[in-house]
Amino acid sequence: MIENELANAPGVGAEPQASFLMILPPGWVRLPVRDEHADELQVLIEGIVAETLPSSLPRDSTEPWRGELRKRFRGVVREAQQAGATAVYFPTQAVNGLVVPASLIESEIEDDGLESADMFLESLMQDADSSATQETVDGAPAVRTVSARTRLQVDGDWPEVTNRQVVYTIRVPHREGRWILMSFSAVSSDSVSALLSDALVLLFDALMTTFRWTDVPGSDYSALELRLQNINSHGYE
(Lines give C-alpha, C1' and ligand atoms only; values in the text may rest on other atoms or scores of the structure.)
Protein backbone atom coordinates (compact mmCIF):
# COMPACT_ATOMS: atom_id res chain seq x y z
CA MET A 1 0.00 0.00 0.00
CA ILE A 2 1.32 3.46 -0.86
CA GLU A 3 1.87 5.46 2.30
CA ASN A 4 2.77 8.75 0.66
CA GLU A 5 2.91 10.12 -2.85
CA LEU A 6 5.20 12.94 -3.87
CA ALA A 7 4.53 15.19 -6.84
CA ASN A 8 7.37 17.61 -7.58
CA ALA A 9 5.65 19.90 -10.06
CA PRO A 10 6.84 23.35 -11.19
CA GLY A 11 5.13 26.35 -9.67
CA VAL A 12 3.94 29.41 -11.54
CA GLY A 13 6.90 31.62 -12.41
CA ALA A 14 9.38 29.15 -10.97
CA GLU A 15 12.38 27.74 -12.74
CA PRO A 16 11.34 24.49 -14.50
CA GLN A 17 11.51 21.40 -12.39
CA ALA A 18 11.31 17.75 -13.37
CA SER A 19 8.00 16.21 -12.36
CA PHE A 20 8.07 12.91 -10.53
CA LEU A 21 6.50 10.98 -7.70
CA MET A 22 7.93 8.59 -5.16
CA ILE A 23 6.74 6.59 -2.18
CA LEU A 24 7.80 7.82 1.25
CA PRO A 25 7.95 5.66 4.38
CA PRO A 26 5.32 6.23 7.09
CA GLY A 27 6.28 9.15 9.31
CA TRP A 28 8.48 10.87 6.71
CA VAL A 29 7.77 14.31 5.26
CA ARG A 30 8.99 16.26 2.26
CA LEU A 31 9.53 19.98 2.81
CA PRO A 32 9.99 22.18 -0.29
CA VAL A 33 12.68 24.81 0.19
CA ARG A 34 12.25 27.21 -2.73
CA ASP A 35 10.85 30.66 -1.97
CA GLU A 36 7.85 30.17 -4.26
CA HIS A 37 6.69 27.29 -2.05
CA ALA A 38 6.77 29.30 1.19
CA ASP A 39 3.00 29.04 1.74
CA GLU A 40 3.03 25.26 1.23
CA LEU A 41 6.00 24.97 3.58
CA GLN A 42 4.18 26.93 6.28
CA VAL A 43 1.16 24.62 6.08
CA LEU A 44 3.33 21.50 6.23
CA ILE A 45 5.30 22.71 9.25
CA GLU A 46 2.17 23.68 11.15
CA GLY A 47 0.67 20.27 10.35
CA ILE A 48 3.73 18.49 11.75
CA VAL A 49 3.73 20.65 14.88
CA ALA A 50 0.01 20.03 15.43
CA GLU A 51 0.46 16.28 15.04
CA THR A 52 3.48 16.18 17.34
CA LEU A 53 2.05 18.50 20.01
CA PRO A 54 -1.76 18.53 19.62
CA SER A 55 -3.85 21.41 20.89
CA SER A 56 -5.35 19.14 23.56
CA LEU A 57 -2.08 19.45 25.53
CA PRO A 58 -1.65 22.33 28.01
CA ARG A 59 -0.73 25.44 26.04
CA ASP A 60 1.58 26.96 28.66
CA SER A 61 3.88 23.93 28.78
CA THR A 62 3.80 22.95 25.11
CA GLU A 63 3.96 26.31 23.31
CA PRO A 64 7.73 26.70 23.87
CA TRP A 65 8.25 23.21 22.39
CA ARG A 66 6.09 24.14 19.40
CA GLY A 67 8.31 27.15 18.86
CA GLU A 68 11.41 24.97 19.04
CA LEU A 69 9.97 22.55 16.48
CA ARG A 70 9.18 25.38 14.07
CA LYS A 71 12.69 26.77 14.58
CA ARG A 72 14.25 23.35 13.95
CA PHE A 73 12.31 22.68 10.75
CA ARG A 74 12.98 26.14 9.35
CA GLY A 75 16.66 25.73 10.18
CA VAL A 76 16.80 22.47 8.24
CA VAL A 77 15.00 24.10 5.31
CA ARG A 78 17.35 27.11 5.37
CA GLU A 79 20.43 24.88 5.29
CA ALA A 80 19.00 22.86 2.39
CA GLN A 81 18.14 26.04 0.50
CA GLN A 82 21.66 27.41 0.98
CA ALA A 83 23.00 24.13 -0.40
CA GLY A 84 20.94 24.61 -3.58
CA ALA A 85 18.39 21.89 -2.84
CA THR A 86 14.79 21.88 -4.02
CA ALA A 87 13.44 19.85 -1.09
CA VAL A 88 14.50 18.06 2.07
CA TYR A 89 13.00 14.87 3.50
CA PHE A 90 13.30 13.51 7.03
CA PRO A 91 11.36 11.45 9.59
CA THR A 92 9.14 13.35 12.03
CA GLN A 93 7.90 10.39 14.08
CA ALA A 94 9.96 8.32 16.51
CA VAL A 95 10.09 4.53 16.19
CA ASN A 96 10.17 2.83 19.59
CA GLY A 97 11.31 6.12 21.07
CA LEU A 98 14.11 6.57 18.51
CA VAL A 99 14.14 9.22 15.79
CA VAL A 100 15.56 7.59 12.66
CA PRO A 101 19.01 9.14 12.01
CA ALA A 102 18.53 9.72 8.30
CA SER A 103 17.59 12.42 5.81
CA LEU A 104 17.22 12.91 2.07
CA ILE A 105 18.09 15.95 -0.03
CA GLU A 106 16.50 16.49 -3.45
CA SER A 107 18.27 18.76 -5.92
CA GLU A 108 17.96 19.61 -9.58
CA ILE A 109 20.98 20.78 -11.55
CA GLU A 110 21.78 21.75 -15.12
CA ASP A 111 25.02 20.67 -16.79
CA ASP A 112 27.21 23.08 -18.73
CA GLY A 113 26.48 21.40 -22.07
CA LEU A 114 30.16 20.80 -22.79
CA GLU A 115 29.78 17.02 -22.78
CA SER A 116 27.06 14.53 -23.63
CA ALA A 117 24.90 12.89 -21.00
CA ASP A 118 26.77 9.61 -21.48
CA MET A 119 30.10 11.37 -20.97
CA PHE A 120 28.76 13.11 -17.87
CA LEU A 121 27.67 9.79 -16.37
CA GLU A 122 30.98 8.21 -17.29
CA SER A 123 32.85 11.03 -15.55
CA LEU A 124 30.80 10.37 -12.41
CA MET A 125 31.81 6.72 -12.57
CA GLN A 126 35.48 7.65 -12.94
CA ASP A 127 35.44 10.29 -10.20
CA ALA A 128 33.79 7.96 -7.70
CA ASP A 129 35.36 4.92 -6.09
CA SER A 130 34.51 1.27 -6.77
CA SER A 131 31.13 1.74 -5.07
CA ALA A 132 29.78 3.60 -8.10
CA THR A 133 27.30 1.65 -10.22
CA GLN A 134 25.28 2.41 -13.33
CA GLU A 135 21.53 2.28 -12.73
CA THR A 136 18.26 2.87 -14.53
CA VAL A 137 15.58 4.88 -12.73
CA ASP A 138 12.19 4.62 -14.44
CA GLY A 139 13.91 4.25 -17.80
CA ALA A 140 16.39 7.08 -17.23
CA PRO A 141 20.16 6.45 -16.99
CA ALA A 142 21.65 7.14 -13.58
CA VAL A 143 24.72 6.59 -11.42
CA ARG A 144 24.57 5.46 -7.79
CA THR A 145 27.51 6.35 -5.55
CA VAL A 146 28.21 5.49 -1.91
CA SER A 147 30.57 7.26 0.47
CA ALA A 148 31.20 7.27 4.21
CA ARG A 149 32.83 9.98 6.28
CA THR A 150 33.83 9.86 9.95
CA ARG A 151 33.89 13.14 11.83
CA LEU A 152 34.32 14.23 15.44
CA GLN A 153 31.41 15.87 17.20
CA VAL A 154 32.95 18.97 18.73
CA ASP A 155 30.00 19.89 20.95
CA GLY A 156 30.10 18.22 24.35
CA ASP A 157 31.30 14.66 24.72
CA TRP A 158 29.54 13.21 21.69
CA PRO A 159 31.38 10.28 20.05
CA GLU A 160 32.61 10.17 16.48
CA VAL A 161 29.88 9.38 14.01
CA THR A 162 29.94 7.98 10.50
CA ASN A 163 27.82 9.62 7.84
CA ARG A 164 26.85 7.09 5.17
CA GLN A 165 25.78 8.86 1.97
CA VAL A 166 24.13 7.33 -1.08
CA VAL A 167 23.52 9.55 -4.11
CA TYR A 168 21.51 8.83 -7.25
CA THR A 169 22.32 11.18 -10.13
CA ILE A 170 19.50 10.76 -12.64
CA ARG A 171 19.20 12.17 -16.14
CA VAL A 172 15.84 13.87 -16.74
CA PRO A 173 14.72 12.27 -20.02
CA HIS A 174 12.38 15.08 -21.07
CA ARG A 175 14.55 18.09 -20.14
CA GLU A 176 17.88 18.25 -21.96
CA GLY A 177 20.78 19.00 -19.66
CA ARG A 178 18.74 18.52 -16.48
CA TRP A 179 19.66 16.13 -13.70
CA ILE A 180 17.93 15.06 -10.50
CA LEU A 181 20.12 14.32 -7.46
CA MET A 182 18.67 12.28 -4.61
CA SER A 183 21.20 12.33 -1.78
CA PHE A 184 20.46 10.09 1.21
CA SER A 185 22.39 10.26 4.50
CA ALA A 186 22.32 7.88 7.48
CA VAL A 187 24.35 8.46 10.64
CA SER A 188 25.82 5.79 12.93
CA SER A 189 28.10 5.90 15.97
CA ASP A 190 28.80 2.23 16.79
CA SER A 191 28.48 -1.28 15.39
CA VAL A 192 24.83 -1.56 16.43
CA SER A 193 23.75 1.72 14.83
CA ALA A 194 25.88 0.81 11.80
CA LEU A 195 23.54 -2.14 11.23
CA LEU A 196 20.63 0.29 11.34
CA SER A 197 22.46 2.49 8.84
CA ASP A 198 22.83 -0.50 6.51
CA ALA A 199 19.11 -1.18 6.80
CA LEU A 200 18.27 2.45 6.07
CA VAL A 201 20.39 2.36 2.92
CA LEU A 202 18.45 -0.72 1.79
CA LEU A 203 15.23 1.18 2.50
CA PHE A 204 16.39 4.12 0.40
CA ASP A 205 17.31 1.85 -2.51
CA ALA A 206 13.84 0.29 -2.24
CA LEU A 207 12.24 3.75 -2.30
CA MET A 208 14.17 4.64 -5.45
CA THR A 209 12.54 1.69 -7.23
CA THR A 210 9.23 3.56 -6.81
CA PHE A 211 10.56 6.74 -8.49
CA ARG A 212 8.30 7.57 -11.47
CA TRP A 213 8.30 10.48 -13.92
CA THR A 214 4.86 12.07 -14.15
CA ASP A 215 5.30 14.34 -17.17
CA VAL A 216 7.12 12.70 -20.07
CA PRO A 217 6.20 14.21 -23.46
CA GLY A 218 5.50 11.62 -26.15
CA SER A 219 5.39 8.75 -23.68
CA ASP A 220 2.53 6.34 -23.30
CA TYR A 221 2.83 6.90 -19.56
CA SER A 222 2.68 10.70 -19.61
CA ALA A 223 -0.78 10.75 -18.02
CA LEU A 224 -0.55 10.93 -14.24
CA GLU A 225 -3.37 8.40 -13.85
CA LEU A 226 -1.40 5.76 -15.77
CA ARG A 227 1.74 6.53 -13.79
CA LEU A 228 -0.18 6.11 -10.54
CA GLN A 229 -1.55 2.79 -11.76
CA ASN A 230 1.98 1.67 -12.51
CA ILE A 231 3.38 2.68 -9.13
CA ASN A 232 0.39 1.18 -7.32
CA SER A 233 1.02 -2.15 -9.01
CA HIS A 234 4.51 -2.16 -7.41
CA GLY A 235 3.49 -0.64 -4.07
CA TYR A 236 3.99 -2.08 -0.61
CA GLU A 237 1.41 -4.54 0.68
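**Figure 1. Overview of the chain.** Of the 237 residues in the chain, 40% are buried, where buried means under 20% relative accessible area, exposed means over 50%, and partly exposed is in between (1.4 Å probe, protein chains only). This is a predicted model, in which local features need pLDDT of at least 70 and side-chain atom pairs count only at pLDDT 80 or more, while totals for chains, interfaces and linings use all residues. Residues are numbered from 1 along each chain as its sequence is written, and side-chain values use heavy atoms, with hydrogens and water left out. The chain holds 5 helices and 9 strands, taken as DSSP runs numbered from the N terminus (helices: H or I, at least four residues; strands: E, at least two). Following the sequence, you will meet them in the order β-β-α-α-β-β-α-β-β-β-β-α-β-α. Among contacts with a separation of 6 or more, 56% are between residues 24 or more positions apart; a contact means heavy atoms within 4.5 Å. About 13,400 Å² of the chain is exposed, and carbon and sulfur atoms supply 53% of that area (Shrake-Rupley method with a 1.4 Å probe; for residues, only the protein chains shown count as cover).

**Figure 2. The salt bridge between Arg30 and Glu106.** The whole structure has 9 salt bridges, each defined as a side-chain nitrogen of Lys or Arg within 4 Å of a carboxyl oxygen of Asp or Glu. In this one, the side chains of Arg30 and Glu106 meet at 3.1 Å, N to O. Arg30 belongs to strand S2 (residues 28-32) and Glu106 to strand S4 (residues 102-110), so distant parts of the chain, 76 residues apart, are linked by the pair. Both partners, Arg30 and Glu106, are buried.

**Figure 3. Arg178 and its partners Glu108 and Glu110.** Zoom in on Arg178 and you find a salt bridge to Glu108 at 3.4 Å, N to O. Glu108 sits in strand S4 and Arg178 in strand S8 (residues 178-188), so this pair ties together parts 70 residues apart in sequence. Glu108 is buried at a relative accessible area of 9%, and Arg178 also counts as buried, at 10%. Arg178 meets Glu110 in a salt bridge too, at 3.8 Å, N to O. Glu110 is likewise in strand S4, so its bridge to Arg178 in strand S8 joins parts 68 residues apart in sequence. Is Glu110 buried or exposed? With 52% relative accessibility, Glu110 counts as exposed.

**Figure 4. A salt-bridge network.** Here Glu46, Glu63, Arg66 and Arg70 are joined into one network by salt bridges that share partners.

**Figure 5. The largest cavity and its lining.** The search gives 1 cavity of 30 Å³ or more; a cavity is a set of points on a 1 Å grid over the protein atoms alone where a 1.4 Å probe fits but cannot get out, and lining residues have an atom within 4 Å of a point. Grid points are joined across faces, edges and corners, and the volume is the space filled by probe spheres set on the points. The largest cavity holds about 40 Å³ of space. Its lining consists of Leu24, Trp28, Tyr89, Leu104, Phe184, Phe204 and Leu207. By class, that is 7 nonpolar, no polar and no charged residues (nonpolar: Ala, Val, Leu, Ile, Met, Phe, Trp, Tyr, Cys and Pro; charged: Asp, Glu, Lys and Arg; polar: the others, Gly among them).

**Figure 6. The loop at Asp138.** Asp138 lies in the loop between strand S5 (133-137) and strand S6 (140-151). Its phi is near 50°, a positive value in a residue other than glycine. Asp138 is partly exposed, with a relative accessible area of 26%.

Terms used. 1 Å grid on protein atoms, 1.4 Å probe; cavity = no way out; pocket = protein on both sides within 12 Å on 5 of 7 lines; lining within 4 Å.
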